[in-house]
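Please consider the sequence and the model shown below. The paragraphs that follow lead through the sheet, the helices that flank it and a few individual positions.

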Amino acid sequence: MIEMKSVSEVSGITDKEREQMKIFISHSRKGREAEDIQKEREQLSLKLKEKYGEGVEIVETFLNEISEKDEEENPVFVLGWAIQLLSTVDGVVFGRDWYKSKRCRIERNICHEYGIEIVKL
């Protein structure tokens, strides 16, 4: 079995030493209100800043223009949009209940397949 190493382990740079770490927050939207998702994102953002310092950049993945209805009617479009964002980040943190979302599970598989760090908080 191949052991996955974090970017920090490979580079020898500690998490706090990184100048700018771009992080994608993956979260399930299904059956959740926008306010609930935003609150979770804020909590995860605070934890990320504690871990990586102020140099962390949270990539905006929660757009009001993309609704739960859009995700249900055209999930491949929303997934494609998310994959484009994944290609620009250093790491991904997964919100609660991510495993209940097909899109989040695919995003996690992409991280494993392409060596994108999965950030544990």
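Which residue of β4 does V92 stand opposite? In this predicted model, V92 stands opposite I118. That pair belongs to the connection between β3 and β4, which run parallel and are joined by 2 bridges. Between these two strands the chain passes through α5, and this β-α-β crossover is right-handed.

The wider setting is as follows. The protein chain contains 5 helices and 4 strands, and its elements run α-β-α-β-α-α-β-α-β from the N terminus on. Of the 121 residues in the protein chain, 41% are buried. Among contacts with a separation of 6 or more, 73% are between residues 24 or more positions apart.

The strands form an open sheet of 4 strands in the order β2-β1-β3-β4, with parallel pairing. Its edge strands are β2 (56-59) and β4 (117-118), each of which pairs on one side only. Strands are held to one another in a sheet through backbone hydrogen bonds, in either a parallel or an antiparallel manner. Strand β1, residues 21-26, pairs with β2 in the parallel sense over 4 bridges, and within this pairing K22 has E57 of β2 as its bridge partner. The helix α5 (residues 102-114) packs on the sheet, where it touches β1, β3 (91-94) and β4. The direction of α5 makes about 145° with that of β3.

Strand β1 is also joined to β3, again by 4 bridges and in a parallel arrangement. Here the bridge partner of F24 is V92 in β3. V92 therefore takes part in two pairings, with F24 of β1 and with I118 of β4. In a regular strand, side chains alternate between the two faces of the sheet. Strand β3 illustrates the pattern: G91 and V93 point one way, V92 and F94 point the other way, and all are buried.

Attention now turns to the helices, beginning with α2. This helix covers residues 34-52, has 19 residues and reaches 26 Å from its first C-alpha to its last, close to the 27 Å expected at 1.5 Å a residue. Its buried residues are I37, E40, R41, L44, S45, L48 and Y52. These residues lie on the same side of α2, because they cover an arc of only 145° around the axis. An α-helix has 3.6 residues a turn, so residues three or four places apart point the same way. The buried residues of α2 pack against β1, β2, β3 and β4. The exposed residues E35, K39, E42, L46 and E50 are carried on the face of α2 that is turned away from its buried side. After α2 comes G53, whose phi is positive, near 85°.

Within α2, L44 merits individual inspection. Is L44 buried or exposed? Its relative accessibility is 10%, and because buried means under 20%, L44 counts as buried. Apart from its neighbours within four places in sequence, L44 is in contact with I25, V93, G95 and L121. The C-alpha atoms of L44 and I58 are separated by 9.7 Å, and the two residues are 14 residues apart along the chain.

Helix α4 can be read in a similar manner. Its 12 residues, 75-86, should span 16 Å at 1.5 Å a residue, and the end C-alpha atoms are 16 Å apart, which agrees. The buried residues of α4 are V78, L79, W81, A82, L85 and L86. Because these residues cover an arc of only 160° around the axis, they are placed on the same side of α4. The face turned away from the buried side of α4 carries the exposed residues V76, F77 and Q84.

The last position to consider is K120, found in the segment after β4. Is K120 buried or exposed? With a relative accessibility of 56%, K120 counts as exposed, since exposed means over 50%. Not counting residues up to four places away in sequence, K120 touches K51 and R108. K120 and V92 are 28 residues apart along the chain, and their C-alpha atoms are separated by 8.8 Å.

Note on methods. Residues are numbered from 1 along each chain as its sequence is written. This is a predicted model: local features need pLDDT of at least 70, side-chain atom pairs count only at pLDDT 80 or more; totals for chains, interfaces and linings use all residues. Side-chain values use heavy atoms; hydrogens and water are left out. Two strands pair if DSSP finds at least two bridges between them. Contact means heavy atoms within 4.5 Å. Axes are lines fitted to C-alpha atoms, for helices over the stretch in contact, and angles run from 0 to 180 degrees between N-to-C directions. Buried means under 20% relative accessible area, exposed over 50%, partly exposed in between (1.4 Å probe, protein chains only). A crossover is right-handed if, with the strands pointing away from the viewer, the path from the first strand over the helix to the second runs clockwise. The expected span of a helix is 1.5 Å times one less than its number of residues. The arc is that of the directions from the helix axis to the C-beta atoms.
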